[in-house]
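Thanks for coming. I will take a few places in this protein one at a time, and you can follow along on the screen.

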Amino acid sequence: MSKKLYIQTLGCAMNERDSEHIIAELEEKENYSLTDNPKEADLILINTCSVREKPEKKLFSEIGQYSKIKKQDAKIGICGCTASHLGDKILKRSKNVNFVLGARNVSKISQIIHKDRVAWVDIDYDDSSYVFSQKQNSNLKGMINISIGCDKKCTYCIVPHTRGNEISIPSDLILNEAKRLVDNGTKEILLLGQNVNNYGRRFSTEHKKINFTQLLHEISQIEGLERIRFTSPHPLHMDDEFITEFATNRKICKAIHMPLQSGSTAILQKMKRGYSKEWFLNRVEKMRSLMPNLSIGTDIIVGFPTESEADFLDTLDVLEKVRFDTLYSFIYSSRPHTEAASWCEDENFKGLVDEEIAKERLAILKDRHKAILQEDNAKLLHQIHSVLLESYDEENKLLEGRSDNNKLIRIHSLDNLVGKILPVRICKINGAQLMGEFI
(Lines give C-alpha, C1' and ligand atoms only; values in the text may rest on other atoms or scores of the structure.)
Protein backbone atom coordinates (compact mmCIF):
# COMPACT_ATOMS: atom_id res chain seq x y z
CA MET A 1 0.00 0.00 0.00
CA SER A 2 1.45 3.37 -1.01
CA LYS A 3 2.23 6.09 1.50
CA LYS A 4 0.79 9.59 1.10
CA LEU A 5 2.87 12.69 0.37
CA TYR A 6 1.68 16.26 0.85
CA ILE A 7 3.93 19.07 -0.38
CA GLN A 8 3.51 22.83 -0.07
CA THR A 9 5.67 24.87 -2.46
CA LEU A 10 6.54 28.50 -1.73
CA GLY A 11 8.46 30.91 -3.96
CA CYS A 12 9.74 30.78 -7.51
CA ALA A 13 9.57 28.45 -10.51
CA MET A 14 12.89 26.89 -9.40
CA ASN A 15 11.14 25.75 -6.22
CA GLU A 16 8.24 24.40 -8.26
CA ARG A 17 10.66 22.36 -10.33
CA ASP A 18 12.45 21.12 -7.19
CA SER A 19 9.09 19.98 -5.86
CA GLU A 20 8.44 18.09 -9.10
CA HIS A 21 11.79 16.34 -8.68
CA ILE A 22 10.98 15.48 -5.05
CA ILE A 23 7.57 14.06 -5.97
CA ALA A 24 8.98 11.92 -8.80
CA GLU A 25 11.84 10.60 -6.64
CA LEU A 26 9.50 9.61 -3.81
CA GLU A 27 6.90 8.10 -6.12
CA GLU A 28 9.43 5.90 -7.92
CA LYS A 29 11.81 4.97 -5.11
CA GLU A 30 9.70 5.11 -1.94
CA ASN A 31 6.19 4.16 -3.10
CA TYR A 32 4.59 7.51 -2.22
CA SER A 33 1.53 8.93 -3.93
CA LEU A 34 0.55 12.58 -3.86
CA THR A 35 -2.36 13.88 -1.79
CA ASP A 36 -3.84 17.35 -1.45
CA ASN A 37 -4.98 16.64 2.12
CA PRO A 38 -2.24 17.09 4.76
CA LYS A 39 -4.39 15.29 7.36
CA GLU A 40 -4.02 11.98 5.52
CA ALA A 41 -0.32 12.41 4.62
CA ASP A 42 2.44 10.18 5.97
CA LEU A 43 4.98 12.81 4.93
CA ILE A 44 4.43 16.59 4.88
CA LEU A 45 7.02 18.70 3.07
CA ILE A 46 7.30 22.48 2.97
CA ASN A 47 9.51 23.69 0.11
CA THR A 48 10.54 27.15 1.27
CA CYS A 49 11.61 30.54 -0.09
CA SER A 50 13.96 33.00 1.62
CA VAL A 51 14.23 35.79 -0.95
CA ARG A 52 12.17 38.03 1.35
CA GLU A 53 11.69 38.00 5.10
CA LYS A 54 7.91 37.47 5.20
CA PRO A 55 7.82 33.92 3.71
CA GLU A 56 10.56 32.89 6.10
CA LYS A 57 8.62 34.13 9.14
CA LYS A 58 5.52 32.37 7.83
CA LEU A 59 7.36 29.03 7.85
CA PHE A 60 7.15 28.42 11.61
CA SER A 61 3.48 29.30 11.64
CA GLU A 62 2.95 26.69 8.89
CA ILE A 63 4.93 24.10 10.86
CA GLY A 64 2.72 24.74 13.87
CA GLN A 65 -0.48 24.33 11.86
CA TYR A 66 0.64 21.08 10.24
CA SER A 67 1.80 19.73 13.60
CA LYS A 68 -1.74 20.12 14.96
CA ILE A 69 -3.51 18.29 12.12
CA LYS A 70 -1.04 15.62 10.99
CA LYS A 71 -1.41 11.90 11.66
CA GLN A 72 0.39 10.67 14.75
CA ASP A 73 3.30 9.03 12.95
CA ALA A 74 3.50 11.43 10.02
CA LYS A 75 6.82 13.17 9.41
CA ILE A 76 7.41 16.85 8.62
CA GLY A 77 10.33 17.88 6.41
CA ILE A 78 11.52 21.37 5.48
CA CYS A 79 13.17 21.85 2.08
CA GLY A 80 14.33 24.72 -0.11
CA CYS A 81 16.13 28.00 0.40
CA THR A 82 15.11 28.70 3.99
CA ALA A 83 16.21 25.16 4.82
CA SER A 84 19.63 25.99 3.33
CA HIS A 85 19.78 29.28 5.19
CA LEU A 86 18.65 28.20 8.67
CA GLY A 87 19.71 24.54 8.67
CA ASP A 88 19.57 22.89 12.07
CA LYS A 89 18.21 26.10 13.62
CA ILE A 90 14.86 24.92 12.31
CA LEU A 91 15.25 21.67 14.26
CA LYS A 92 16.21 23.57 17.41
CA ARG A 93 13.23 25.88 17.09
CA SER A 94 10.66 23.17 16.27
CA LYS A 95 10.65 19.70 17.80
CA ASN A 96 7.98 18.67 15.27
CA VAL A 97 10.32 18.86 12.27
CA ASN A 98 11.96 15.53 11.41
CA PHE A 99 14.48 16.71 8.83
CA VAL A 100 15.79 19.72 6.90
CA LEU A 101 16.98 19.41 3.28
CA GLY A 102 18.69 22.31 1.52
CA ALA A 103 17.90 23.59 -1.98
CA ARG A 104 21.21 22.22 -3.28
CA ASN A 105 20.51 18.72 -1.90
CA VAL A 106 17.20 17.79 -3.53
CA SER A 107 18.60 14.57 -5.02
CA LYS A 108 19.03 13.19 -1.45
CA ILE A 109 15.32 13.26 -0.63
CA SER A 110 14.85 9.49 -0.77
CA GLN A 111 17.68 9.08 1.75
CA ILE A 112 16.84 11.76 4.28
CA ILE A 113 13.22 10.67 4.79
CA HIS A 114 14.60 7.64 6.66
CA LYS A 115 16.55 9.87 9.06
CA ASP A 116 15.27 11.77 12.05
CA ARG A 117 16.27 15.17 13.43
CA VAL A 118 18.96 15.80 10.81
CA ALA A 119 19.79 18.74 8.54
CA TRP A 120 21.55 18.28 5.19
CA VAL A 121 22.31 21.71 3.77
CA ASP A 122 25.57 21.48 1.84
CA ILE A 123 25.46 24.40 -0.65
CA ASP A 124 28.60 23.08 -2.36
CA TYR A 125 26.96 19.75 -3.18
CA ASP A 126 26.93 19.07 -6.93
CA ASP A 127 23.98 17.18 -8.37
CA SER A 128 24.18 18.87 -11.78
CA SER A 129 24.72 15.49 -13.47
CA TYR A 130 22.16 13.61 -11.37
CA VAL A 131 19.35 12.09 -13.43
CA PHE A 132 16.17 12.58 -11.42
CA SER A 133 13.27 10.16 -11.51
CA GLN A 134 10.56 11.19 -13.95
CA LYS A 135 6.81 11.37 -13.57
CA GLN A 136 5.16 8.89 -15.91
CA ASN A 137 2.80 11.42 -17.47
CA SER A 138 3.99 14.73 -18.90
CA ASN A 139 1.91 17.90 -18.82
CA LEU A 140 1.20 20.22 -21.71
CA LYS A 141 3.86 22.53 -20.28
CA GLY A 142 7.10 21.35 -18.69
CA MET A 143 10.04 22.84 -16.80
CA ILE A 144 13.73 21.95 -17.11
CA ASN A 145 16.59 23.21 -14.96
CA ILE A 146 19.59 24.25 -17.07
CA SER A 147 21.77 25.42 -14.18
CA ILE A 148 21.94 25.42 -10.42
CA GLY A 149 23.23 28.13 -8.11
CA CYS A 150 24.30 31.71 -8.78
CA ASP A 151 27.68 33.42 -9.12
CA LYS A 152 26.38 36.99 -8.91
CA LYS A 153 27.12 39.12 -5.85
CA CYS A 154 24.01 41.30 -5.77
CA THR A 155 24.18 43.09 -2.43
CA TYR A 156 20.51 42.46 -1.54
CA CYS A 157 20.23 38.78 -2.53
CA ILE A 158 20.52 35.70 -0.31
CA VAL A 159 20.25 33.15 -3.15
CA PRO A 160 24.02 32.53 -3.59
CA HIS A 161 24.07 31.62 0.12
CA THR A 162 21.21 29.14 -0.24
CA ARG A 163 21.84 27.60 -3.69
CA GLY A 164 25.64 27.85 -3.92
CA ASN A 165 27.89 28.64 -6.87
CA GLU A 166 26.57 28.42 -10.40
CA ILE A 167 27.03 25.15 -12.31
CA SER A 168 25.52 24.45 -15.72
CA ILE A 169 23.73 21.16 -16.27
CA PRO A 170 25.22 19.11 -19.15
CA SER A 171 23.46 19.93 -22.41
CA ASP A 172 22.89 16.26 -23.30
CA LEU A 173 20.86 15.81 -20.08
CA ILE A 174 18.80 18.91 -20.93
CA LEU A 175 18.17 17.77 -24.50
CA ASN A 176 17.29 14.23 -23.44
CA GLU A 177 14.82 15.55 -20.87
CA ALA A 178 13.28 17.92 -23.43
CA LYS A 179 12.87 15.08 -25.95
CA ARG A 180 11.31 12.84 -23.31
CA LEU A 181 8.80 15.53 -22.38
CA VAL A 182 7.88 16.19 -26.00
CA ASP A 183 7.50 12.48 -26.71
CA ASN A 184 5.01 12.34 -23.85
CA GLY A 185 2.88 15.25 -25.03
CA THR A 186 4.60 18.40 -23.77
CA LYS A 187 4.28 21.30 -26.21
CA GLU A 188 5.91 24.12 -24.26
CA ILE A 189 9.12 23.98 -22.20
CA LEU A 190 10.27 26.54 -19.65
CA LEU A 191 14.05 26.63 -19.09
CA LEU A 192 15.03 27.53 -15.53
CA GLY A 193 18.11 29.04 -13.91
CA GLN A 194 19.04 31.93 -11.65
CA ASN A 195 20.71 33.56 -14.68
CA VAL A 196 19.80 31.39 -17.66
CA ASN A 197 21.76 33.42 -20.21
CA ASN A 198 24.96 32.82 -18.26
CA TYR A 199 24.60 29.13 -19.19
CA GLY A 200 27.83 27.37 -20.12
CA ARG A 201 30.12 29.44 -17.92
CA ARG A 202 31.03 26.46 -15.72
CA PHE A 203 30.40 22.71 -15.86
CA SER A 204 31.54 20.31 -13.14
CA THR A 205 32.54 17.64 -15.70
CA GLU A 206 34.21 17.67 -19.11
CA HIS A 207 31.86 19.35 -21.56
CA LYS A 208 31.85 20.92 -25.00
CA LYS A 209 31.83 24.71 -25.15
CA ILE A 210 28.25 25.96 -25.45
CA ASN A 211 26.41 29.12 -24.43
CA PHE A 212 22.74 29.88 -23.82
CA THR A 213 22.08 31.09 -27.34
CA GLN A 214 23.46 27.85 -28.77
CA LEU A 215 21.46 25.79 -26.26
CA LEU A 216 18.25 27.57 -27.29
CA HIS A 217 18.99 26.77 -30.93
CA GLU A 218 19.65 23.08 -30.20
CA ILE A 219 16.47 22.68 -28.15
CA SER A 220 14.44 24.35 -30.88
CA GLN A 221 15.48 21.57 -33.29
CA ILE A 222 13.44 19.00 -31.33
CA GLU A 223 10.61 17.83 -33.56
CA GLY A 224 7.21 18.25 -31.98
CA LEU A 225 8.26 20.99 -29.56
CA GLU A 226 6.08 24.03 -30.22
CA ARG A 227 7.23 26.64 -27.71
CA ILE A 228 10.26 27.59 -25.60
CA ARG A 229 10.23 30.01 -22.69
CA PHE A 230 12.97 30.79 -20.16
CA THR A 231 13.44 32.59 -16.86
CA SER A 232 15.25 34.57 -15.73
CA PRO A 233 17.86 36.11 -18.00
CA HIS A 234 20.25 38.68 -16.54
CA PRO A 235 20.26 42.04 -18.38
CA LEU A 236 24.07 42.09 -18.22
CA HIS A 237 24.36 39.01 -20.47
CA MET A 238 21.81 40.02 -23.09
CA ASP A 239 24.24 40.40 -25.99
CA ASP A 240 23.31 40.92 -29.64
CA GLU A 241 23.83 37.23 -30.49
CA PHE A 242 21.24 36.22 -27.89
CA ILE A 243 18.77 38.93 -28.98
CA THR A 244 19.04 37.89 -32.63
CA GLU A 245 18.33 34.22 -31.81
CA PHE A 246 15.49 35.27 -29.53
CA ALA A 247 13.93 37.40 -32.25
CA THR A 248 14.36 35.06 -35.22
CA ASN A 249 13.75 31.61 -33.71
CA ARG A 250 10.02 30.99 -34.25
CA LYS A 251 9.80 28.47 -31.39
CA ILE A 252 11.01 30.96 -28.76
CA CYS A 253 8.02 32.79 -27.28
CA LYS A 254 8.22 36.55 -27.59
CA ALA A 255 7.99 37.25 -23.88
CA ILE A 256 10.85 37.85 -21.48
CA HIS A 257 11.24 38.46 -17.76
CA MET A 258 14.00 41.03 -17.46
CA PRO A 259 14.73 41.95 -13.80
CA LEU A 260 15.42 45.67 -13.55
CA GLN A 261 15.54 46.00 -9.71
CA SER A 262 16.08 49.79 -9.98
CA GLY A 263 16.02 52.40 -12.71
CA SER A 264 18.79 54.39 -11.07
CA THR A 265 22.33 53.71 -12.27
CA ALA A 266 23.66 54.81 -8.87
CA ILE A 267 21.44 52.29 -7.06
CA LEU A 268 22.25 49.57 -9.60
CA GLN A 269 25.92 50.11 -8.80
CA LYS A 270 25.20 49.76 -5.07
CA MET A 271 23.25 46.62 -5.84
CA LYS A 272 26.22 45.30 -7.90
CA ARG A 273 23.96 44.48 -10.81
CA GLY A 274 26.68 45.14 -13.39
CA TYR A 275 24.64 47.27 -15.81
CA SER A 276 23.30 50.82 -16.01
CA LYS A 277 19.91 52.34 -16.67
CA GLU A 278 21.13 53.18 -20.17
CA TRP A 279 22.23 49.58 -20.88
CA PHE A 280 18.88 48.21 -19.76
CA LEU A 281 16.97 50.65 -21.98
CA ASN A 282 19.33 49.96 -24.90
CA ARG A 283 18.63 46.22 -24.67
CA VAL A 284 14.88 46.86 -24.56
CA GLU A 285 15.09 49.17 -27.57
CA LYS A 286 17.14 46.58 -29.50
CA MET A 287 14.62 43.82 -28.77
CA ARG A 288 11.55 45.90 -29.46
CA SER A 289 13.00 47.04 -32.81
CA LEU A 290 13.08 43.36 -33.83
CA MET A 291 9.97 42.24 -31.92
CA PRO A 292 7.40 45.07 -31.70
CA ASN A 293 4.90 42.90 -29.80
CA LEU A 294 7.46 41.65 -27.27
CA SER A 295 6.07 41.31 -23.74
CA ILE A 296 8.49 42.32 -20.99
CA GLY A 297 8.13 41.59 -17.30
CA THR A 298 10.37 42.75 -14.47
CA ASP A 299 11.18 42.87 -10.75
CA ILE A 300 11.67 46.17 -8.91
CA ILE A 301 12.85 46.86 -5.37
CA VAL A 302 11.90 50.21 -3.83
CA GLY A 303 13.43 51.67 -0.71
CA PHE A 304 16.84 50.11 -1.25
CA PRO A 305 19.40 51.70 1.14
CA THR A 306 20.41 55.22 -0.02
CA GLU A 307 17.57 55.39 -2.61
CA SER A 308 16.75 59.09 -3.03
CA GLU A 309 13.68 60.68 -4.56
CA ALA A 310 15.73 61.24 -7.73
CA ASP A 311 16.66 57.54 -7.79
CA PHE A 312 13.00 56.59 -7.49
CA LEU A 313 12.07 58.97 -10.30
CA ASP A 314 14.64 57.17 -12.47
CA THR A 315 12.76 53.94 -11.79
CA LEU A 316 9.48 55.59 -12.76
CA ASP A 317 11.17 56.87 -15.92
CA VAL A 318 12.13 53.33 -16.95
CA LEU A 319 8.58 52.19 -16.21
CA GLU A 320 7.24 54.87 -18.57
CA LYS A 321 9.73 54.07 -21.33
CA VAL A 322 9.43 50.26 -21.21
CA ARG A 323 5.78 49.93 -20.10
CA PHE A 324 6.27 46.51 -18.53
CA ASP A 325 3.58 43.91 -19.12
CA THR A 326 4.13 42.32 -15.71
CA LEU A 327 5.70 43.85 -12.62
CA TYR A 328 6.70 42.21 -9.35
CA SER A 329 7.55 45.02 -6.95
CA PHE A 330 8.58 44.96 -3.30
CA ILE A 331 9.96 47.11 -0.53
CA TYR A 332 13.59 46.24 0.20
CA SER A 333 13.86 43.43 2.74
CA SER A 334 17.19 43.02 4.52
CA ARG A 335 18.45 39.45 4.24
CA PRO A 336 21.20 37.85 6.31
CA HIS A 337 24.59 37.05 4.73
CA THR A 338 24.17 39.90 2.23
CA GLU A 339 26.36 42.96 1.87
CA ALA A 340 23.43 45.38 2.18
CA ALA A 341 22.43 43.78 5.48
CA SER A 342 25.84 44.68 6.92
CA TRP A 343 25.23 48.32 5.97
CA CYS A 344 21.91 48.32 7.79
CA GLU A 345 23.47 46.80 10.91
CA ASP A 346 26.07 49.57 11.07
CA GLU A 347 24.79 52.15 13.57
CA ASN A 348 26.68 54.88 11.69
CA PHE A 349 25.00 54.10 8.37
CA LYS A 350 22.73 56.97 7.32
CA GLY A 351 21.25 55.52 4.14
CA LEU A 352 18.16 53.68 5.38
CA VAL A 353 14.94 54.72 3.65
CA ASP A 354 12.04 55.55 5.95
CA GLU A 355 9.45 52.77 5.89
CA GLU A 356 6.55 55.14 5.18
CA ILE A 357 8.43 56.72 2.28
CA ALA A 358 9.15 53.26 0.89
CA LYS A 359 5.47 52.29 1.18
CA GLU A 360 4.45 55.51 -0.59
CA ARG A 361 6.92 54.85 -3.42
CA LEU A 362 5.68 51.28 -3.83
CA ALA A 363 2.07 52.49 -4.04
CA ILE A 364 2.99 55.12 -6.66
CA LEU A 365 4.85 52.50 -8.70
CA LYS A 366 2.00 49.97 -8.57
CA ASP A 367 -0.67 52.54 -9.34
CA ARG A 368 1.19 53.84 -12.37
CA HIS A 369 1.84 50.32 -13.63
CA LYS A 370 -1.84 49.45 -13.25
CA ALA A 371 -2.75 52.53 -15.31
CA ILE A 372 -0.21 51.58 -18.00
CA LEU A 373 -1.71 48.09 -18.25
CA GLN A 374 -5.20 49.53 -18.70
CA GLU A 375 -3.94 51.93 -21.39
CA ASP A 376 -2.03 49.22 -23.25
CA ASN A 377 -4.69 46.53 -22.91
CA ALA A 378 -7.19 48.84 -24.59
CA LYS A 379 -4.97 48.73 -27.69
CA LEU A 380 -5.21 44.92 -27.87
CA LEU A 381 -8.84 44.92 -29.03
CA HIS A 382 -9.21 43.09 -32.38
CA GLN A 383 -5.58 41.90 -32.34
CA ILE A 384 -5.01 38.28 -33.38
CA HIS A 385 -2.82 36.01 -31.24
CA SER A 386 -1.63 32.43 -31.50
CA VAL A 387 -2.88 30.81 -28.27
CA LEU A 388 -1.85 27.54 -26.62
CA LEU A 389 -5.07 26.32 -24.98
CA GLU A 390 -4.14 25.09 -21.50
CA SER A 391 -7.35 24.45 -19.54
CA TYR A 392 -11.10 24.03 -19.98
CA ASP A 393 -13.89 24.92 -17.55
CA GLU A 394 -16.53 22.35 -18.49
CA GLU A 395 -19.26 24.01 -16.40
CA ASN A 396 -18.85 27.47 -17.92
CA LYS A 397 -17.63 26.25 -21.34
CA LEU A 398 -14.56 28.46 -21.07
CA LEU A 399 -11.12 27.76 -22.52
CA GLU A 400 -8.03 29.50 -21.18
CA GLY A 401 -4.60 29.83 -22.73
CA ARG A 402 -1.62 32.06 -23.32
CA SER A 403 -0.49 33.85 -26.42
CA ASP A 404 3.04 33.66 -27.76
CA ASN A 405 3.77 36.92 -25.91
CA ASN A 406 2.26 35.59 -22.67
CA LYS A 407 -1.15 37.27 -22.65
CA LEU A 408 -3.75 35.25 -20.74
CA ILE A 409 -6.83 34.91 -22.94
CA ARG A 410 -10.21 33.26 -22.30
CA ILE A 411 -12.49 31.94 -25.05
CA HIS A 412 -16.07 30.64 -24.85
CA SER A 413 -16.22 27.22 -26.51
CA LEU A 414 -18.55 24.25 -26.53
CA ASP A 415 -15.58 22.01 -27.30
CA ASN A 416 -12.60 21.09 -25.11
CA LEU A 417 -9.66 22.04 -27.32
CA VAL A 418 -6.91 21.86 -24.66
CA GLY A 419 -3.52 21.20 -26.23
CA LYS A 420 -4.23 22.92 -29.52
CA ILE A 421 -2.57 26.14 -30.68
CA LEU A 422 -5.13 28.28 -32.49
CA PRO A 423 -5.48 31.85 -33.76
CA VAL A 424 -7.67 33.97 -31.48
CA ARG A 425 -8.98 37.51 -31.94
CA ILE A 426 -9.37 39.71 -28.86
CA CYS A 427 -13.05 40.64 -28.83
CA LYS A 428 -13.59 42.07 -25.33
CA ILE A 429 -11.44 43.66 -22.65
CA ASN A 430 -12.62 43.84 -19.05
CA GLY A 431 -9.89 45.50 -16.99
CA ALA A 432 -6.93 43.10 -17.15
CA GLN A 433 -9.07 40.24 -18.48
CA LEU A 434 -8.87 39.52 -22.19
CA MET A 435 -11.70 37.65 -23.94
CA GLY A 436 -11.16 36.15 -27.38
CA GLU A 437 -12.90 34.35 -30.21
CA PHE A 438 -11.64 31.78 -32.70
CA ILE A 439 -11.17 32.91 -36.27
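Let me start with Arg17, which is buried, because its relative accessible area is 7% and the cut-off for buried is under 20%. Before going further, I should say that this is a predicted model. Arg17 sits in helix 1, which covers residues 13–30.

What does Arg17 contact, once its neighbours within four places in sequence are left aside? The list is Met143, Ile144, Asn145, Glu177 and Leu192. Take Ile144 from that list: Arg17 and Ile144 are separated by 127 residues in sequence, yet their C-alpha atoms are 7.5 Å apart in space.

That brings in the domains. The domain assignment gives domain 1 as 3–120, domain 2 as 141–376 and domain 3 as 383–438. As for spacing, the C-alpha centres of domain 1 and domain 3 are 36 Å apart.

Next, Gln8. It belongs to strand 1, residues 3–9. Is Gln8 buried or exposed? Gln8 counts as buried, because its relative accessibility is 14%. Setting aside residues up to four places away in sequence, Gln8 touches Leu45, Ile46, Asn47, Glu62 and Tyr66.

Now to helix packing, with two pairs to look at. In the first pair, helix 9 is residues 240–248 and helix 11 is residues 277–290. Their axes come within 10 Å and cross at roughly 30°. Helix 9 and helix 11 are therefore roughly parallel to each other, since angles under 35 degrees count that way. The crossing of these two helices is right-handed.

Which residues meet there, from helix 9 and from helix 11? From helix 9 they are Asp240, Ile243, Phe246 and Ala247, and from helix 11 they are Arg283, Lys286, Met287 and Leu290. Sorted by class, this contact of helix 9 with helix 11 has 5 nonpolar residues, 3 charged residues and no polar ones.

The second pair is helix 12, residues 309–322, and helix 14, residues 355–378. They pack at an angle of about 15°, and their axes are 11 Å apart. That angle is why helix 12 is roughly parallel to helix 14. Helix 12 passes helix 14 in a right-handed crossing.

On the helix 12 side, the contact is made by Glu309, Phe312, Thr315, Leu316, Leu319 and Glu320. On the helix 14 side, Arg361, Ile364, Leu365, Arg368, His369 and Ile372 take part. By class, the contact of helix 12 with helix 14 divides into 6 nonpolar, 2 polar and 4 charged residues.

I will finish with the backbone. As background, most residues other than glycine have a negative phi, and most peptide bonds are trans. Here are some places to check against that.

Asn31 is not a glycine, and its phi is positive, about 60°. Asn31 lies in the loop between helix 1 and strand 2, the latter being 32–34. With a relative accessible area of 42%, Asn31 is partly exposed.

Lys397 also has a positive phi, near 55°. Where is Lys397? Lys397 is in the loop between strand 15, which is 384–393, and strand 16, which is 398–403. Lys397 is partly exposed, because its relative accessible area is 28%.

The last item is a peptide bond. From Thr231 to Ser232 the bond is cis, with omega near -5°. Ser232 is in the loop between strand 11, residues 227–231, and helix 9, and helix 9 is the one that crosses helix 11 at roughly 30°.

How values were computed: Residues are numbered from 1 along each chain as its sequence is written. This is a predicted model: local features need pLDDT of at least 70, side-chain atom pairs count only at pLDDT 80 or more; totals for chains, interfaces and linings use all residues. Side-chain values use heavy atoms; hydrogens and water are left out. Domain bounds come from an automatic or database domain assignment. Helices (H or I, at least four residues) and strands (E, at least two) are DSSP runs, numbered from the N terminus. Buried means under 20% relative accessible area, exposed over 50%, partly exposed in between (1.4 Å probe, protein chains only). Contact means heavy atoms within 4.5 Å. Axes are lines fitted to C-alpha atoms, for helices over the stretch in contact, and angles run from 0 to 180 degrees between N-to-C directions. Angles under 35 degrees count as roughly parallel, over 145 as roughly antiparallel, 65 to 115 as roughly perpendicular and the rest as oblique. A crossing is left-handed if the near helix is turned anticlockwise from the far one by less than a right angle, and right-handed if clockwise. Ala, Val, Leu, Ile, Met, Phe, Trp, Tyr, Cys and Pro count as nonpolar, Asp, Glu, Lys and Arg as charged, and the others, Gly among them, as polar.
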